[in-house]
Amino acid sequence: MFSANRLLVMGISLYFLILSLAFSPAESRAETVVVNRPSVNLRGGPGTGYALMGQVSQGTRLTVVGKSGKWYQVRLSSGRVVWIAGWLVQAVTGSQGTPSRSEETPAAVVVNRPSVNLRGGPGTGYALMGQVSQGTRLTVVGKSGKWYQVRLSSGRVVWIAGWLVQAAAAAPAEAPADSGSGNPAPQDTLPVTTEPVSPSGPEQTPVSRGESGELISVDVKKDNGVTEMTFGFARAVDTSVYLSPEQTYLYIDITGLPTGELPAEQSIDSAVVSQVYSEWLENTSTARIVLGLKAAEGLNWQEFTSADKTLLRLRMAFGPLYEVTGKIIVLDPGHGGSDTGAIGPTGLLEKDFNLDVARYAAEELRRRGAQVFLTREEDKYVDLYARTAKAKEWGATVFVSIHGNASGNPREAQDKAGTSTWYTTTNTPNQIHNSRLLSQCLQKSLVENIGRKDLGLYTANFAVLRTAAMPAALIEAAFVSNPEEEGLMFTDWFRQATARGIVEGLERYFKQA
């Protein structure tokens, strides 16, 4: 027999239960799942080939916002959207579905800028996941503030800024292929690049002549003797760049353009190019862009083609194309051998990340004409003092030590994240000034390239900084101890982006030093 007090407690509990059901947010009625294994990996996409984005423990409840094959797309308590294997969770309540769209949210959008970044979440602070070019159509699956969550043709879900797209009529729905294994399609097993992502093959690429109605757009940038020209094409094309026999013209032959009127001749007031015009080659479907050069010899150029083949960028100069050309640069991959450095929650070894980044950066710096030395070329231990001694022996212009950060407090591992760069104030005033400038340039470029939180500059009396006889900086690209950032540091694209940040930071430094 119940007492009066116990009945009163039960009545109050029932009252609050009814209130909670009446006023709980709509999302709480969506399908949720609960993790049923001690520790389960989170992924950046629906398969084990995608980047590791962290882990969740048994009993964690997650809201489902989408599904692909046997994988669930779920929202964490932080708001971040990730993927989890369906066989490692069990359903709790609700009905399944993808993120709802309000009447104001379009079913599809079209990119209206030449090149737009894709992000891992709804904001510029999230990781850079690639780029898309003008005219790309994207299916909208959700919205957060002014950002759209969109699905690429590969099935990958990313975020794009709403002010860089415009609403479009929804394309016919096309069910994604399901192999039954939950693994991504073959093209999704490649590392994400920061080149534009092709939404379809050349046959499906729409003809978009831009505001001027032309088949080819031209953008020109001039900087200290270097001319950079970017050509945008109406659809995916093949290009071939070569000098005329007398070396007074640079030709760009283009196949794959639709027929139509080509741009009129333009005058280009740069140190390299005087004019640009285009023409159809007689009795062919090939178009040619002709660049009139200001000198008959000594031209250096490099060409870069976007992944979807709708953009061609040329860098040209009568002399060095890059600030790092001829410089002696020492890259120091931190730790090595028995010294693993920090170890991430799922086993990432900092020493491996550091060496990979150094190798990527060295390759690009050498391509740009720099002389590059690494304090270690393989997984072996190198004494701290031997590293700067080698740099002095090689006559280094600058010294850059490459590291991943780590939180000393396990309770703060989830919160500690971001990029920082360090220098020392124990050297001569001139060296301190140059080391600080080097650090500033590296920090700025790293944040631009890898998209992590900007933690700024710090000073410390690290051995590899205080014993350096040249301007020196130590980068902490991201936190190995942070589950999200550890997942990024596992991926090739993040390591390449970190290397690119180092290269561009060095370019900035030598331009100012």
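**Cavities, strands and salt bridges**

Student: What volume does the second largest cavity have, and what makes it a cavity?

Tutor: About 50 Å³ of space lies in the second largest cavity. The word cavity stands for a set of points, on a 1 Å grid over the protein atoms alone, where a 1.4 Å probe fits but cannot get out. Its volume is the space filled by probe spheres set on the points, which are joined across faces, edges and corners. This is a predicted model, in which local features need pLDDT of at least 70 and side-chain atom pairs count only at pLDDT 80 or more, while totals for chains, interfaces and linings use all residues. Residues are numbered from 1 along each chain as its sequence is written, and side-chain values use heavy atoms, with hydrogens and water left out.

Student: Which residues line the second largest cavity, and what makes them lining residues?

Tutor: Among them are Ile216, Phe231, Gln266, Tyr277 and Ser278, and a lining residue is one that has an atom within 4 Å of a point of the cavity. By class, this lining has eight nonpolar, two polar and no charged residues, where Ala, Val, Leu, Ile, Met, Phe, Trp, Tyr, Cys and Pro count as nonpolar, Asp, Glu, Lys and Arg as charged, and the others, Gly among them, as polar. Strand β20 gives the largest share of the lining, three residues, a strand being a DSSP run of E with at least two residues, numbered from the N terminus.

Student: How do you know that β20 and β21 pair?

Tutor: Two strands pair if DSSP finds at least two bridges between them. Seven bridges join β20 to β21 (residues 287-293), so the requirement of at least two is met, and the two strands run antiparallel. Within this pairing, Glu279 stands opposite Arg288 in β21. Both strands belong to an open sheet with the order β17-β18-β21-β20-β19, in which β17 (238-243) and β19 (266-267) are the edge strands, each pairing on one side only.

Student: Why is β13 described as largely enclosed by the rest of the structure?

Tutor: Five of the five residues of β13 are buried, so the strand is largely enclosed, and buried means under 20% relative accessible area, as opposed to exposed, over 50%, or partly exposed, in between, with a 1.4 Å probe and protein chains only. Val157, Trp159 and Ala161 cover one face of β13, and Val158 and Ile160 the other. In a regular strand the side chains alternate between the two faces of the sheet. Strand β13 also supplies at least two residues of the lining of the largest cavity, which holds about 140 Å³ of space.

Student: Why is the contact between Arg313 and Glu228 called a salt bridge?

Tutor: The name requires a side-chain nitrogen of Lys or Arg within 4 Å of a carboxyl oxygen of Asp or Glu. The closest N and O atoms of Arg313 and Glu228 are 3.4 Å apart, so the pair satisfies that limit. This pair links distant parts of the chain, with Arg313 in β23 and Glu228 in β16, 85 residues apart.

Student: Are Glu228 and Arg313 buried or partly exposed, and how do you know?

Tutor: Glu228 has a relative accessible area of 14%, so it falls under 20% and is buried. Arg313, at 30%, lies between 20% and 50% and is therefore partly exposed.

Student: What makes Lys309 and Asp238 a salt bridge too?

Tutor: Their N to O distance is 2.3 Å, so this pair also lies within 4 Å. Lys309 lies in the loop between β22 and β23 and Asp238 in β17, so the pair ties together parts that are 71 residues apart in sequence.

How values were computed. On a 1 Å grid over the protein atoms alone, a cavity is a set of points where a 1.4 Å probe fits but cannot get out, and a pocket is an open set with protein on both sides within 12 Å along at least five of seven lines; lining residues have an atom within 4 Å of a point. Helices (H or I, at least four residues) and strands (E, at least two) are DSSP runs, numbered from the N terminus.
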